[in-house]
Amino acid sequence: MTKLRILNPMKVEIDGKELEVKRKKIRVERLLRDLGINPEVALVLKNGKLVPEDEEIREGDRCQILLTVGTG
Amino acid sequence: MKCRKCGGKAVIRIRAHNIALCEEDFLDFVLDRVQKAIRSYHLLKKEERVLVALSGGKDSLAAFDLLQRLGYQVEAFHIDLGIDGFSEASLEAVKAFVKERGATLHLLRVEDELGMGVVEAARRLRRPPCSLCGMIKRYLMNRFAYERGFSAVVTGHNLDDEGATLLGNLLRWQTGYLSRQAPLLPSSHPRLIKKVKPLVLLSEREVLAYCLLRPISYLPDRCPYAKGATSIPQKEALNLLELHSPGTKLRFYQGFLEARGSLSQEEGELRECEVCGFLTVREKCQFCTLKERLNATEGRER
C-alpha cells in the first residue's frame with residue numbers, strides 16, 4: 001500500500017463545514033468514498049469549478065463538496 | 001474524463017445515463033430532459049400562461065429558468081410563509097432572481113391570509129408546521145392562478161422528490177395518494193388549475209449542477225422545519241440503491257407512471273367549498289376549516 005506523506009493537510013469543505021484530509025493528493029471518487037459520501041448526492045468543486053469523479057485534488061486546491069439531500 | 005458528445009473536458013458524470021458531459025453539453029442535456037418530460041407527459045403548450053411557484057431554492061428557480069429558455073410565458077409566484085429568518089432569505093433570493101431575468105413576480109403573504117404566519121398557526125393548533133404548509137401553499141397557488149387566469153401552476157419537484165414520495169406512499173400503501181401522483185395533475189374543474197412538474201426526469205444532483213453551471217443564485221438553506229422530514233431517509237435509501245444500480249430512480253418512477261393507470265382512483269367526489277367556492281371533497285375545504293379553527297383560537301390567545 002502506498003503511503004502518502006502529509007505536508008499540509010488538505011482542507012475540504014462539506015456544505016460549509018471545513019475538515020482536514022490527511023493526503024497530499026486524492027481523486028474525487030476516493031475522497032467521497034473515504035468520507036462515506038454517496039457520489040449520487042454530492043457534487044465536488046475544485047477551486048470553484050465543478051469536477052467529475054476522476055479529477056485529482058491536490059494540496060493547496062480549494063475543495064468544496066455540496067450535498068443535495070434535503071435542499072430545495 | 002471526456003465529454004461523451006464533444007470529447008472536451010467533462011465536468012460531470014451521470015451514471016444513470018452512463019455518460020460524462022462538458023459544461024455546455026450538460027446544460028443542453030438538462031434542457032433536453034425537461035423537453036422530454038413536457039412532451040412525454042403532455043405538460044404544457046407554448047401558448048399557455050404559466051405560473052411558476054418559486055421558493056428561492058434551486059429546484060424552483062431552475063424550473064423557471066428552463067421554461068423561460070424554452071420560450072414559455074412564465075410569471076413567478078412566491079408565498080411568504082412567515083418563518084422567521086428563512087422566509088426573509090427566501091424572498092430575497094426570489095426577488096434577486098426575477099430582477100435579473102426581468103420577470104414578473106406575484107407575492108402572497110400567509111400572514112395577510114390567516115392573520116399569522118405558518119409557524120404561529122401551527123403552534124396555535126398544536127400541529128407541526130409542515131402539516132399545514134403544503135396544504136396552504138397548494139390552496140393559495142391554485143386560487144391565485146385561477147383568479148389571474150393562468151392555465152398551469154409549475155413546481156420544481158425533481159426525480160428524487162417524486163421517487164421519495166412514491167416510496168413513502170408504497171411503504172404505507174396509500175393507494176389514494178398513489179393514484180394521484182403524477183407529473184401532470186390535470187384540471188378537472190374550472191376552479192382547479194392544472195399542476196405541472198417539468199423536472200421529474202432530472203435528479204436532485206443534476207438540478208444542483210445545472211444551477212452551479214448556469215449559474216443561478218439560489219438559497220442553499222434548508223427550511224428549519226424540514227429537519228427530520230421522512231422524505232430525507234427515503235431519498236437516501238433510493239440514492240443508495242442508485243449507487244449500486246445506476247438508473248434505479250428513473251426506472252422506479254417511470255415504471256410506476258406506466259403502471260399507474262391500473263390503480264383505482266380513490267378520490268372522493270369533488271364539490272365546491274361552501275365558504276370560498278374552491279374544490280374539496282368535504283363541505284368546507286381544508287384552508288377554510290383552518291381559518292375557522294384559527295379564528296376560534298383568537299379568544300384563547302388574548
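Here is a short chat about how some labels in this structure are earned.

User: Before we start, what kind of model is this, and how are things numbered?
Analyst: It's a predicted model, where local features need pLDDT of at least 70, side-chain atom pairs count only at pLDDT 80 or more, and totals for chains, interfaces and linings use all residues. Residues are numbered from 1 along each chain as its sequence is written, while chains are lettered from A and ligands numbered from 1 in the order in which they are written.

User: What makes up chain A, helices and strands?
Analyst: Chain A has 1 helix and 7 strands, in the pattern β-β-β-α-β-β-β-β. Those are DSSP runs, numbered from the N terminus: helices are H or I with at least four residues, strands E with at least two.

User: What share of chain A counts as buried?
Analyst: Of its 72 residues, 33% do. Buried means that 20 or more other C-beta atoms, placed from the backbone, lie within 10 Å of the residue's own; 12 or fewer is exposed, and in between is partly exposed.

User: Why are β5 and β7 of chain B called edge strands?
Analyst: The open, mixed sheet has 6 strands in the order β5-β4-β3-β6-β8-β7 (chain B). Strands β5 (105-109) and β7 (184-185) of chain B each pair on one side only, so they are the edges.

User: How do you know that β3 and β6 of chain B pair?
Analyst: Pairing takes at least two bridges found by DSSP between two strands. Here 3 bridges join β3(B) (residues 49-53) to β6(B) (residues 152-154), so the two count as paired, and they run parallel. In one of those bridges, Leu51(B) has Val153(B) as its partner.

User: Why is α7(B) called roughly perpendicular to α10(B)?
Analyst: Their axes, lines fitted to C-alpha atoms over the stretch in contact, give angles from 0 to 180 degrees between N-to-C directions. Helices α7 (residues 159-171) and α10 (residues 231-244) of chain B cross at roughly 105° and come within 9 Å. Angles under 35 degrees are roughly parallel, over 145 roughly antiparallel, 65 to 115 roughly perpendicular and the rest oblique, which makes α7(B) roughly perpendicular to α10(B).

User: And what makes α5(B) oblique to α6(B)?
Analyst: Helix α5 (residues 118-125) of chain B crosses α6(B) at roughly 125°, their axes coming within 9 Å. That angle is why α5(B) is oblique to α6(B). The α5(B) side of the contact is Val118(B), Val119(B), Ala121(B) and Ala122(B), meeting Pro129(B), Leu132(B), Cys133(B) and Ile136(B) of α6(B). Contact means C-beta atoms, placed from the backbone, within 7 Å.

Methods: Two residues are in contact if their C-beta atoms, placed from the backbone, lie within 7 Å.
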